[in-house]
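Work through the exercises below with the sequence and the structure open. Each task is followed by a solution in steps.

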Amino acid sequence: MRFELDAEHIATENRKGLTALEDDYDHLGRQLARRGVEIERLTERAQAFRVSVPSWGVGTGGTRFARFAGPGEPRNVFEKVEDCEVVWKLTRSTPGISLHIPWDKPDSAAELRSFAQTRGLYIDSMNSNTFQDQADQRLSYKFGSLSHTDPAVRRQAVEHNLECLELGVKLGARSHTVWVGDGGNFPGQLHTRKALDRYLDGLRAIYRALPPGFRLFIEHKLYEPAFYSTVLNDWGVSYHCTRELGERAFSLVDLGHHAPNVNIEMIVARLIQFGKLAGFHFNDSKYGDDDLDAGSIKPFQLFLIFNELVDAELEGLPGFEPAYMLDQSHNVTDPIESLMTSAVEVVRAYVQAHLVDRARLAEHQERNDALLALQALKRAFQTDVEPILAMARQRAGGAIDPVGVYRASGYRDQTAQKRPASGRVRAGIV
Ligand code: LRH
Ligand code: MN
């Protein structure tokens, strides 16, 4: 089947649904007008919203039990960028790509940068990797990296991060994200306070080398791969570290890195109030760090998180510039479809949060009218804003129905032919 995912194909497919969309859009517009809301303002906000995709999210993910590679797996960073381009073309929300080093280390940074730019894409955040041992690596990270007891291992980890910073500058990245798997599996394995001191010392060395204009994001995580204690285990420790480091260090919130039932929207409000919110790795989970599609399990939590973000945005808080990024692992779906629908769910939560009548909510809060305060939020969350999201995509040259247009395009079959599964892919090696 001939491959076609160009503007003409998208427009042809959109024409099939445009009349219905315009009808739904006008109807919603009238409903919102009765609520004193101008639908066009919301559509502009939806069109302007940006969330980055993870390069490591376009290949099929797996677990320690198995990885079932799909057809047309990207075999290198350039093919990953090609797949990210499809997500951008159809959603028009995702021009930024987060890279992971060394998984995405290019031979030529300039070549990769222009390959992305010619496709309307840019490199967002660089992610270092001191949670795996590379074939050419001298010292192992089995017992940690920045917090390792051996200064030589710590130095090796710092040097890797400095290399990532250099590469990030060449690629035009805007931030550097550090997540380490450092921790212990048993009580007594680590000296908890000394391990944190070593970790923070390592971060100080990375912070000192931060290029102009760069921000440093540190990512906390409750557990895994360590199953008893993690050096950067929660937002409080992260906040302490970013304060210690300086004004260009911020705390990144990965939604899957918290214990079940933790009030993440409250952590977000805290980090906003303290001026230390880096941004997000959006995903969803039922139990642990499941890295499922954003909004697929707890859409109300995602909405409540954006309720805090939009409240701060509308207040015009100085320095409020959160980086929105997806971080997911797609084990049973086509990664491109999951990334597209997840980006749409993040924009949905953002637009719904802009539907909250904040003046009325403030009144209810002042009067301690708990029920009407909750209703003010639920009314926004229960508003079907799909016509706004689809109209925003359509006006930006994207697809009214991204998954429908993608499937009709035959892109996956095309890549399956173009990218015969290499030995590595068949064996499930990333
Ligand atoms: C750790 C994490 C981190 C990435 C990795 C791929 O769980 O969320 O952000 O480096 O996943
Ligand atoms: Mn993450």
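**Exercise 1. A loop residue**

In which loop is Glu224 found? Determine also its backbone phi and its exposure class.

Solution. The model is a predicted one.
Step 1: Glu224 is found in the loop between strand 6 and strand 7. Strand 6 covers 215-219 and strand 7 covers 229-230.
Step 2: Phi of Glu224 is near 75 degrees, which is a positive value in a residue other than glycine.
Step 3: The relative accessibility of Glu224 is 32%, so the residue counts as partly exposed. The class applies because the value falls between the limits of 20% and 50%.
Step 4: Glu224 is joined to Pro225 by a cis peptide bond, with omega about 10 degrees. Pro225 lies in the loop between strand 6 and strand 7.

**Exercise 2. Another cis peptide bond**

Locate Pro102 and describe the peptide bond from Ile101 to Pro102.

Solution.
Step 1: Pro102 is found in the loop between strand 2 (96-100) and helix 4 (109-117).
Step 2: The bond from Ile101 to Pro102 is cis, and its omega is near 15 degrees.

**Exercise 3. The manganese site**

Which protein residues are donors of the manganese ion (ligand 2)? Work out the geometry of the site and the spacing of the donor residues in sequence.

Solution.
Step 1: The protein donors are Glu219 (OE), Asp254 (OD), His281 (ND1) and Asp327 (OD). They lie 2.1 to 2.2 Å from the manganese ion.
Step 2: Six donor atoms surround the manganese ion, with angles of 72 to 171 degrees, so the arrangement is octahedral. For six donors that label requires opposite donors over 155 degrees apart and all others between 65 and 115.
Step 3: Along the sequence the donor residues follow the spacing E-x34-D-x26-H-x45-D.
Step 4: Asp254 is in strand 8 (residues 249-254) and His281 is in strand 9 (residues 277-282), so this pair ties together parts that are 27 residues apart in sequence.
Step 5: Asp254 counts as buried because its relative accessibility is 0%. His281 is also buried, at a relative accessible area of 1%.

**Exercise 4. The surroundings of ligand 1**

List the residues around ligand 1, sort them by class, and find polar side-chain atoms by its oxygen atoms.

Solution.
Step 1: The shell consists of Trp56, His100, Phe131, Trp179, Glu219, Lys221, Asp254, His257, His281, Asp289 and Asp327.
Step 2: By class, three of these residues are nonpolar, three are polar and five are charged.
Step 3: A side-chain N or O atom of Asp254 is 3.0 Å from an oxygen atom of ligand 1. For His257, a polar side-chain atom lies 3.1 Å from an oxygen atom of ligand 1. For Asp327, the distance from a polar side-chain atom to an oxygen atom of ligand 1 is 2.7 Å.
Step 4: Taken alone, ligand 1 exposes 300 Å², of which the protein buries 91%.

**Exercise 5. The loop after strand 9**

Is Asp291 buried or exposed? Compile the corresponding entry for Ser296.

Solution.
Step 1: Asp291 is found in the loop between strand 9 and helix 9 (299-315). Ser296 lies in the loop between strand 9 and helix 9.
Step 2: Asp291 has a relative accessible area of 14% and is therefore buried. Its phi is positive, about 55 degrees, although Asp291 is not a glycine.
Step 3: Ser296 has a relative accessible area of 42% and is therefore partly exposed.
Step 4: The C-alpha atoms of Ser296 and Ser342 are separated by 8.1 Å, with their positions 46 residues apart along the chain.

**Exercise 6. Buried residues elsewhere**

Give the location and exposure class of Phe250, His258 and Arg412, with one distance for each.

Solution.
Step 1: Phe250 lies in strand 8, and its relative accessibility of 10% makes it buried. Its C-alpha atom is 7.6 Å from that of Tyr239, eleven residues away along the chain.
Step 2: His258 is found in the loop between strand 8 and helix 8 (264-273). With a relative accessible area of 11%, His258 is buried. The C-alpha atoms of His258 and Ala152, 106 residues apart along the chain, are 31 Å from each other.
Step 3: Arg412 is in helix 15 (residues 411-418) and counts as buried at 12% relative accessibility. The side chains of Arg412 and Tyr406 make a polar contact of 3.2 Å.

Definitions and conventions:
Residues numbered from 1 in each chain as written. Chains lettered and ligands numbered in written order. Predicted model: local features only at pLDDT ≥ 70, side-chain atom pairs only at ≥ 80, totals over all residues. Heavy atoms only, no water. Near = heavy atom within 4 Å. Polar contact = N/O pair within 3.5 Å; in protein donor to acceptor, adjacent residues only side chain to side chain. Areas by Shrake-Rupley, 256 points an atom, 1.4 Å probe, with all protein chains shown as cover. Nonpolar A, V, L, I, M, F, W, Y, C, P; charged D, E, K, R; others polar. Donors = N, O, S within 2.8 Å, 3.2 Å for Na, K, Ca; no water. Tetrahedral: all angles 85-135°; square planar, octahedral: opposite > 155°, others 65-115°. Helix = DSSP H or I, 4+ residues; strand = E, 2+ residues; numbered from the N terminus. Buried < 20%, exposed > 50% of the residue type's maximum accessible area, 1.4 Å probe, protein only.
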